[in-house]
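Thanks for coming. Please look at the structure on the screen, and I will walk through a few parts of it.

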Amino acid sequence: MFIIAVVLSISSAYADDFTQCSQSFYGGVYPEFSNTKLSNNTQALCMDGFAVMYSGVSRTPLWSAEYLTRKRLQQAKQIDREDSFHEESQLPQSMRAQLSDYSGSGYDRGHLAPNGDMANRSQQYDSFSLANIAPQSPRNNRYIWRNIESATRYLTQQYGEVYTVTGVAFTDKKAKQLAGRVLVPSHFFKAVYIPVSNQAGVYYAPNDESERIEIISIDELTAKIGIDVLPVLDAKTKAQALDLPLKAGEAMDIPEKKVEEPTWILFVVAIFEWVMTQLQT
DNA sequence: CGGATCTCCTGT
DNA sequence: ACAGGAGATCCG
């Protein structure tokens, strides 16, 4: 009996149990560490609307994964932002980041899975868990990241569904710390996979005030950070970086299968709007 | 072009 | 729970 309890507690200590939220991953397969050092003291968390791989070493998420659809984003637009930053009660105290770690640090509490993607209050609350948040340079968070989050929602709108994995990297020899407890990532990334065109690309940005950003392939991301965020993709898709837009509304180089409303719907909407303007005068 | 609103936050 | 900052964006 004792042995069984020990085995259970050990297996849950580095649980990669995402069975309750496998729908957040393309093909149901979650990101894979190629740099095994990263897997030290990690904890898998199934949140409402997304999945998180959390590190008790950095006291940040390493990545958060979401499955986005038109319907989800349409619902997300209906709820206003309600801030509720909080510690993650699913984590043991020793692994948790605390609100006090961030206060007065000069860093923003940057969401990985963004509030803007959350379709109801429960999902929204979970997105404000510190298990989904990492110290982010203010200009990066408020200008660069805001744009790529809205560009990702725009792509979802265009192509109907998108899988995305947002995460952080620690490429510097010595990472900065908040309160001697929370490590400050050197980079943020967001990988986007579009199933209907079988194309993937990654936004990759240093976590500083430079506002620099680059677009790379899944393979290049794996080489930089030691995580293959989309293990199921074929080799060609991983090697070729999709030329992702830097802001919502920007055109992208996908030749076929552009998803648009049939023209008759646009026609009906135009007539409806014209009638409404006539009624208002 | 000016003003209102939105969306990331901050601090008390 | 409240007030404010700052840039983007929308609208007349």
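Which residues of strand β6 point one way, and which the other way? Keep in mind that this is a predicted model. Strand β6 covers residues 133-136. Ile133 and Pro135 point one way, while Ala134 and Gln136 point the other way. In a regular strand, side chains alternate between the two faces of the sheet. Are the four residues of β6 buried or exposed? All of them are buried.

Next, the partner of this strand. Strand β5, residues 108-111, runs antiparallel to β6, and four bridges join the two. One of the pairings is between His111 and Ile133 of β6.

Now the loops on either side of β6. Before the strand, Ser129 sits in the loop between α4, residues 121-127, and β6. How buried is Ser129? Its relative accessible area is 0%, and since the cut-off for buried is under 20%, Ser129 counts as buried. Setting aside neighbours within four places in sequence, Ser129 is in contact with Met47, His86 and Glu88. Ser129 and Pro61 are 68 residues apart in sequence, yet their C-alpha atoms are 10 Å apart in space.

After the strand comes Ser137, in the loop between β6 and α5, which spans 138-159. Ser137 has a relative accessible area of 4%, so this residue is buried too. What does the side chain of Ser137 reach? It reaches the backbone oxygen of Asp208, at 3.1 Å. Apart from neighbours within four places in sequence, the contacts of Ser137 are Tyr107, Asn207, Asp208 and Glu209.

Let me step back to the whole chain. Chain A has eight helices and 13 strands. Of its 281 residues, 47% count as buried. Taking the contacts in chain A with a separation of 6 or more, 68% are between residues 24 or more positions apart. The chain exposes about 14,400 Å², and carbon and sulfur atoms supply 53% of that area.

Last, the DNA. Which residues are around DNA strand C? They are Arg142, Tyr143, Arg146 and Lys247. By class, that makes one nonpolar, no polar and three charged residues. Of the strand C atoms within 4 Å of the protein, 60% belong to sugar or phosphate, and the rest to bases. One contact with a base involves Arg146: an N or O atom in its side chain is 2.8 Å from a base nitrogen of strand C.

That is the end of the tour.

Terms used
Residues are numbered from 1 along each chain as its sequence is written. Chains are lettered from A and ligands numbered from 1 in the order in which they are written. This is a predicted model: local features need pLDDT of at least 70, side-chain atom pairs count only at pLDDT 80 or more; totals for chains, interfaces and linings use all residues. Side-chain values use heavy atoms; hydrogens and water are left out. A residue is near a molecule or strand if one of its heavy atoms lies within 4 Å of it. A polar contact is a pair of N or O atoms within 3.5 Å; within protein, one must be able to donate a hydrogen and the other to accept it, and residues adjacent in sequence count only if both atoms are side-chain atoms. Ala, Val, Leu, Ile, Met, Phe, Trp, Tyr, Cys and Pro count as nonpolar, Asp, Glu, Lys and Arg as charged, and the others, Gly among them, as polar. Buried means under 20% relative accessible area, exposed over 50%, partly exposed in between (1.4 Å probe, protein chains only). Two strands pair if DSSP finds at least two bridges between them. Contact means heavy atoms within 4.5 Å. Accessible areas come from the Shrake-Rupley method with a 1.4 Å probe; for residues, only the protein chains shown count as cover.
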